[in-house]
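Open the model in your viewer and keep the sequence panel in sight. The tour moves from the whole chain to single residues.

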Amino acid sequence: QVQLVESGGGLVQPGGSLSLSCGASGRIFSISAMGWYRQAPGKERELVAAIGSGGSTNYADSVKGRFTISRDNAKNTVTLQMNSLKPEDTAVYYCHADIWAIGSDRYLEVWGQGTLVTVSS
């Protein structure tokens, strides 16, 4: 009924920058929090950054000062700008949103399909 579609990702050298974008589509009534998670090989999925509908943000300590999350409520999109990338940022990045679909009675968690970010020289 609703879905998140990610774009961006790829291979970048250490110290480089990359931008991830995610758009929500479908029969959407409202979107609460949006964010990005990542999962590195052999590790659990972890929160990278989140942003509320009012613009409040939350970042993992490991990315503070390097990553910036933003959203466009009119377009139902969220973007993660990643600067000063490190090899340890290599992971599959997943978009996440709490979405109230038309016809639903509550917010539901929706995940994107994931996009691979590889930081390597």
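What follows is a series of selections, each with a short account of what is there.

**The whole chain**

Begin with everything selected, and keep in mind that this is a predicted model. Colour the chain by secondary structure: there are 11 strands and zero helices. Reading along the sequence therefore gives one strand after another, in the pattern β-β-β-β-β-β-β-β-β-β-β. Turn the C-alpha trace along its principal axes, and it spans about 50 × 25 × 20 Å. The radius of gyration is 14 Å, which agrees with the value near 14 Å for a compact globule of 121 residues. Of these 121 residues, 39% count as buried. Contacts often link distant parts of the sequence: among those between residues at least 6 apart, 57% join residues at least 24 apart.

**The largest nonpolar core**

Next, select W36, L80, M82, Y93 and I99. These belong to the largest nonpolar core, which has 33 residues, and they touch the most other members. Which elements give two or more residues to this core? They are β1 (2-8), β3, β4 (28-39), β5 (46-51), β7 (67-72), β8 (77-82), β9 (91-101) and β11 (115-119). The strand that gives the most is β9, with six residues. In soluble globular proteins, nonpolar side chains tend to be buried together.

Now keep L80 alone and show what surrounds it. Leaving out residues up to four places away in sequence, L80 touches L18, S19, L20, W36, V48, A49, F67, T68, I69 and Y93.

**S19, a neighbour of L80**

Move from L80 to S19, one of the residues it touches. S19 lies in strand β3, which covers residues 18-26. Is S19 buried, exposed or partly exposed? Its relative accessibility is 32%, so S19 counts as partly exposed. Beyond four places in sequence, S19 touches S7, G8, G9, T79, L80 and Q81. Add M82 to the selection as well: S19 and M82 are 63 residues apart in sequence, yet their C-alpha atoms are 5.9 Å apart in space.

**E6, a buried charge**

Select E6, in strand β1. E6 is buried but has no salt bridge. The nearest side chain of opposite charge is that of R45, 8.0 Å away; a salt bridge needs the charged atoms within 4 Å. What lies by the side chain of E6 instead are backbone nitrogens. A polar atom of this side chain is 2.6 Å from the backbone nitrogen of G114, and the backbone nitrogen of Q113 lies 3.4 Å from a polar atom of the side chain. Widen the selection to the contacts of E6, not counting residues up to four places away in sequence: S21, C22, W36, Y93, Y94, C95, G112, Q113, G114 and T115. Two of the core residues selected earlier, W36 and Y93, are in this list.

**R71, another buried charge**

Finish with R71, in strand β7. R71 is also buried without a salt bridge, and the nearest side chain of opposite charge, D72, is 8.1 Å away. Which backbone oxygen lies 3.1 Å from a polar atom of the side chain of R71? That of I51 does, and the backbone oxygen of G52 lies 3.2 Å from a polar atom of the R71 side chain. To see the rest of the surroundings, show the residues R71 touches beyond four places in sequence: I31, S32, A33, M34, I51, G52, S53, T77 and V78.

Note on methods: Residues are numbered from 1 along each chain as its sequence is written. This is a predicted model: local features need pLDDT of at least 70, side-chain atom pairs count only at pLDDT 80 or more; totals for chains, interfaces and linings use all residues. Side-chain values use heavy atoms; hydrogens and water are left out. Helices (H or I, at least four residues) and strands (E, at least two) are DSSP runs, numbered from the N terminus. Buried means under 20% relative accessible area, exposed over 50%, partly exposed in between (1.4 Å probe, protein chains only). Contact means heavy atoms within 4.5 Å. A nonpolar core is a set of buried Ala, Val, Leu, Ile, Met, Phe, Trp, Tyr and Cys residues joined through side-chain atoms within 4.5 Å. Lys and Arg count as positive and Asp and Glu as negative; His and the chain ends are not counted. A polar contact is a pair of N or O atoms within 3.5 Å; within protein, one must be able to donate a hydrogen and the other to accept it, and residues adjacent in sequence count only if both atoms are side-chain atoms. The radius of gyration is taken over C-alpha atoms; the globule rule is 2.2 Å times the number of residues to the power 0.38.
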